[in-house]
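Trainee: I should like to take a close look at a single part of this model, the pairing of two strands within the sheet. Please set that part out first and then place it in its surroundings.

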Amino acid sequence: MEITKVDVYPREKEGSKLKAFVDFTIDDCLAVKGAKIIEGNTRLFVSMPGKLNKFGKEENVVFPTNKETREKFEEVILNEYKKVTEENQEN
């Protein structure tokens, strides 16, 4: 399973931990929209798309089911985020 397309939409606002929204495609056949890049306490991470449950708490609706897949997805998505933000800084 490979991420075959990544679209990053930077949303950097002073003081916000939300750095970007991300849409990505897996194996050219499954699109995932609405992931987020978040600045955590020690690193950037990818938050998968979620919805509010009946208690008002957000829960993921799409997510990797094992550590290896999560790490693989984060690597590809965060590399694209870095590429996009570097290009934006040059312009």
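Mentor: In this predicted model, strand β2, residues 18–26, and strand β3, residues 30–39, run antiparallel and are joined by seven bridges. Within this pair, Ile26 of β2 has Leu30 of β3 standing opposite. In general, the strands of a sheet pair through backbone hydrogen bonds, in either a parallel or an antiparallel manner.

The pair belongs to an open sheet of four strands, ordered β1-β2-β3-β4, in which the pairing is antiparallel. The edges are taken by β1 (3–10) and β4 (44–47); each has a single partner strand, so one side of each is left without a neighbour in the sheet. From one strand to the next, the twist averages 25°.

Next comes the element that covers the sheet. Helix α1, residues 67–90, lies across β1, β2, β3 and β4, and runs at about 45° to β1. One residue of this helix, Ile77, illustrates the packing. When neighbours within four places in sequence are left aside, Ile77 is in contact with Ile3, Val22, Phe24, Ile37 and Val46. Of these partners, Val22 and Phe24 fall within β2 and Ile37 within β3, while Ile3 falls within β1 and Val46 within β4.

The contacts of Ile77 lead to the nonpolar core. The largest such core has 17 residues, and those with the most contacts inside it are Val8, Val22, Phe24, Ile37 and Ile77. At least two residues of this core are supplied by each of β1, β2, β3 and α1, and the largest share, five residues, comes from α1. It is a general tendency in soluble globular proteins for nonpolar side chains to be buried together.

The whole chain gives the wider setting. The protein has one helix and six strands, and from the N terminus on its elements run β-β-β-β-β-β-α. Its radius of gyration is 14 Å, close to the 12 Å that the globule rule gives for 91 residues, so the protein is as compact as a globular protein of that length. The C-alpha trace spans about 40 × 30 × 20 Å along its principal axes. Buried residues account for 31% of the 91 residues. Among contacts between residues at least 6 apart in sequence, 31% join residues at least 24 apart. The protein exposes about 6,600 Å², of which carbon and sulfur atoms supply 48%.

Terms used
Residues are numbered from 1 along each chain as its sequence is written. This is a predicted model: local features need pLDDT of at least 70, side-chain atom pairs count only at pLDDT 80 or more; totals for chains, interfaces and linings use all residues. Side-chain values use heavy atoms; hydrogens and water are left out. Two strands pair if DSSP finds at least two bridges between them. Axes are lines fitted to C-alpha atoms, for helices over the stretch in contact, and angles run from 0 to 180 degrees between N-to-C directions. Contact means heavy atoms within 4.5 Å. A nonpolar core is a set of buried Ala, Val, Leu, Ile, Met, Phe, Trp, Tyr and Cys residues joined through side-chain atoms within 4.5 Å. Buried means under 20% relative accessible area, exposed over 50%, partly exposed in between (1.4 Å probe, protein chains only). The radius of gyration is taken over C-alpha atoms; the globule rule is 2.2 Å times the number of residues to the power 0.38. Accessible areas come from the Shrake-Rupley method with a 1.4 Å probe; for residues, only the protein chains shown count as cover.
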